[in-house]
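Welcome! Let's get to know a protein chain together through a few questions and answers.

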Amino acid sequence: MRARLDYRCAMNDNTFVNHPPVVDVPADNRPLVAPIYQSVKFTFDDVGETLRSFRGERDGFFYSRNTNPTLRQLELTLARMQGREDCLLVGSGVASIAATLVSLCKQGDHVLAFIESYGPTRYLVQHLLAKFGVTHTLLSALDLPGIERVLRETPTRLVVFESPTNPVTKIADIAHLTAQARRAKCLTVMDNTFAGFHNHGGYEVDIFLHSLTKFASGHGDVMGGAIIADRPLIAAMRKDVVTMGPTLDPHAAFLIQRGMRTYPLRCERQCANALAVSRYLSGHTRVKRVHFPGLDTHPQHELARRQMKDFGSIVSFDLDGGYGEGNRFAEALQFFSITSSVGSTESLVMPPQLLGGQEYTAAQRETSLIGRGTVRLSIGVEDAPDLIADLDQALAKAFSPSLKTT
Ligand SMILES: Cc1ncc(COP(=O)(O)O)c(C=O)c1O
């Protein structure tokens, strides 16, 4: 065993600053907030213990691309929140989708994905996996007979889906999907970013994905992604994912861990605000339709009630107008910033012209329900009356171009 270096021993400055004093915290004197292990490398005092650690025969860390104590704390937190055994962290939500698809699929496999899936998920399935000889079928998430038919007739490796979908909050029937997938011996991958860690854990979904950039961190100041599943699946994917190198930085993990301290409180507030906002919007004469699963006018309200503990905090609606009204509305808002992303403490708006789906065929666009007047709101933790008053004045300005939008 190596002796620890005494920093008081004779050494010159360049040597000393690279071997600074080590400050141990006594075992009975723990910090209440875990420190950030901003260290790429961890060392053992002897080679034998290093090898035992490599072989999984003892606890320990070696290189932070694999994991480190700060990352591990977050992995364990998120796995437990989602009701699964283990988790892999990556540098963004998109990295969690890409790494999962690439790790689980091989040439000749078939993937079932949906028209309503997040744009980059569709891109990965339609373009990236296709380069490696993986075929796909794209259906509507609501096409239950189509899903049954494809899974019965075409050997399928993965079903990748979301619920509620972005932006119009369609609800996938998770029990139906997972039952069909199990019968077809196919894995289910659910991007659960919109619904959150507290939802859907009771369903037989094999792998949950999350963009930690959104509700987990909650403050719009850090990016991250998580792949969450039971131990055997995470163990099967770990080597592939780690070797592709989409590591989460420990400082980012620390910020996300801190965000998780208020995750339930923020979600509760955001969901309550979203319900209040959606009720207000449904009573407005210039709003043709509100897409929010918490409203009993939502076509899958009953399914959402069965599946979810709350209804999320994304509210979309169709203005009685087009791009012009949509732009004027968004520009007139004071408390909603015009930008992408969701799940922050502050409210956000995406006007119709900025909503994705440009690559849809005409038929896919019709299925997507994204129209020229569709607006997406991500509702924050502000006071609901302020948000409603802001929406009210912006709607008035959108339809009265003579009113100034300052
Ligand atoms: C449902 C969903 N999944 C994944 C992502 C991607 O997350 P990130 O921006 O962290 O890569 C997003 C981003 O908007 C999203 O809405």
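Q: How far is the sulfur of Cys186 from the closest cysteine sulfur?
A: This is a predicted model, in which local features need pLDDT of at least 70, side-chain atom pairs count only at pLDDT 80 or more, and totals for chains, interfaces and linings use all residues. Residues are numbered from 1 along each chain as its sequence is written, and side-chain values use heavy atoms, with hydrogens and water left out. The closest cysteine sulfur to that of Cys186 belongs to Cys105, and it is too far for a bond (a disulfide is a pair of cysteine sulfur atoms within 2.5 Å), because the separation is 9.8 Å.

Q: Is Cys186 buried or exposed?
A: Buried means under 20% relative accessible area, exposed over 50%, and partly exposed in between, with a 1.4 Å probe and protein chains only. Cys186 has a relative accessible area of 5%, so Cys186 is buried.

Q: Which residue holds the cysteine sulfur closest to that of Cys87?
A: Cys87 counts as buried, at 0% relative accessibility. Its sulfur is 17 Å from the closest cysteine sulfur, too far for a bond, and that partner is Cys267.

Q: How many disulfides does the structure hold?
A: A disulfide is a covalent bond between the sulfur atoms of two cysteines. For Cys186, the closest cysteine sulfur is too far for a bond, and for Cys87 the closest is too far as well. In the structure, the number of disulfides is zero.

Q: Where does Lys214 lie, and is Lys214 buried or exposed?
A: Helices (H or I, at least four residues) and strands (E, at least two) are DSSP runs, numbered from the N terminus. Lys214 sits in the loop between strand S6 (207-211) and strand S7 (225-229). With a relative accessible area of 16%, Lys214 is buried.

Q: Which residues is Lys214 in contact with, leaving aside its neighbours within four places in sequence?
A: Contact means heavy atoms within 4.5 Å. With those neighbours left aside, Lys214 is in contact with Thr193, Ser341, Val342 and Gly343.

Q: What is the radius of gyration of the chain?
A: This value is taken over C-alpha atoms, and the globule rule is 2.2 Å times the number of residues to the power 0.38. With 406 residues, a compact globule would have a value near 22 Å, which agrees with the chain's 24 Å.

Q: How many helices and strands does the chain have, and what share of its residues is buried?
A: The chain has 14 helices and 12 strands. Of its 406 residues, the buried share is 50%.
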